[in-house]
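Happy to go through this one with you. Have a look at the model first, and then we can ask what lies behind the labels.

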Amino acid sequence: MPAPRLYVTDAIVLSRFDYGEADRIMTLFTPTYGKLKAIAKGVRRTTSRLGGSLEPLAELRVALARGRTFDVVTQVEVTHAWLSLRDSLESTATAWYLAELADRSIEERHETEGLYVLLKRAYELLDAGMATGRVARWYEMNLADELGVRPEVDRCVECDRMLEADEEFRWVPPLGGVLCHRCPGPPAESAGLSVDALKLLKAYQRMDVEAIAALRLPPLVEREVEGAMRDFLHFSLDRDARSLAFLDEVRRTRPPVPRARPAAGSIPVVAATPETGATTEE
Ligand SMILES: [Zn+2]
């Protein structure tokens, strides 16, 4: 949606760099206008009215004037500072990582309210002290959802069979999720996935974030899911370059399996039961 000549918006700073003698160019993430580049003139001078407020890892209320190349920041106020988020290096680094994922996922000037709300909520959770890894995985899974690339963790991505807990699976990001042991897959591009990791991936898709925060999990399973989601997003966010070539390769080696994907509503929704739990309660 094109912005009016003068407008006010909520915004989170995704990145910024110094420009000229005293200016700074910011990438702002907004709910209505998506990602946009804006210039804050004179912001690096000690006398600048804008200076201290135009910080990343905070929610701002920004007034902008449309410009030819960049919109110009005219006023800014901090609406959520999330100060506790910056208390630890780990949560600060996680917050930057989440911002970078958002930056890579969205286009300029496209309305992205869902993603904006997701990033804001993740920052609130980090600020409230939730474990950084849990916030990051929850965010990654929901980001994939928002981008329409939700990983398949209930059925085999090739034969569409419901996965059974007592079989072996592989995690194949270029194919979009889990491959069952019966389907031949490309060994170099897939990794074994434990049943606990599969359960945890399902939990990230189905449970609300408060329930996820309360799960007790072995660190090994958390690390496995971290690696799985990292690989998945690597392919999903670069899908033109990488996974298409890979998919072509896969298709060359064997005939395509016709499959009907289940409608979203037909996926059984399991709430926080021990089955989804991946919980290992003692
Ligand atoms: Zn299969």
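Q: Which residues are exposed on the other side of α6?
A: In this predicted model, Pro-219, Leu-220 and Arg-223 are the exposed ones there.

Q: Which residues of α6 are buried?
A: They are Glu-224, Val-225, Ala-228, Met-229, Phe-232, Leu-233 and Ser-236.

Q: What puts these buried residues on the same side of α6?
A: Around the helix axis they take up an arc of only 160°, so they sit on the same side of α6.

Q: And what covers the buried residues of α6?
A: The cover includes three helices and two strands by name: α1 (89-105), α3 (132-146) and α4 (195-206), along with β6 (169-172) and β8 (191-193).

Q: How do you know that the span of helix α6 agrees with its 19 residues?
A: Helix α6 covers residues 219-237, and at 1.5 Å a residue it should span 27 Å. Its end C-alpha atoms are 26 Å apart, which agrees.

Q: Why does Gln-75 count as exposed?
A: A residue is exposed if 12 or fewer other C-beta atoms lie within 10 Å of its own. Gln-75 has 12 C-beta neighbours inside 10 Å, so Gln-75 counts as exposed.

Q: Where is Gln-75 found?
A: Gln-75 belongs to strand β5, residues 71-80. Its C-alpha atom is separated by 4.9 Å from that of Ala-63, 12 residues apart along the chain.

Q: What share of the protein chain counts as buried?
A: Of its 282 residues, 34% do.

Technical notes: Residues are numbered from 1 along each chain as its sequence is written. This is a predicted model: local features need pLDDT of at least 70, side-chain atom pairs count only at pLDDT 80 or more; totals for chains, interfaces and linings use all residues. A residue is buried if 20 or more other C-beta atoms lie within 10 Å of its own, exposed if 12 or fewer, and partly exposed in between; C-beta atoms are placed from the backbone. Helices (H or I, at least four residues) and strands (E, at least two) are DSSP runs, numbered from the N terminus. The expected span of a helix is 1.5 Å times one less than its number of residues. The arc is that of the directions from the helix axis to the C-beta atoms. Two residues are in contact if their C-beta atoms, placed from the backbone, lie within 7 Å.
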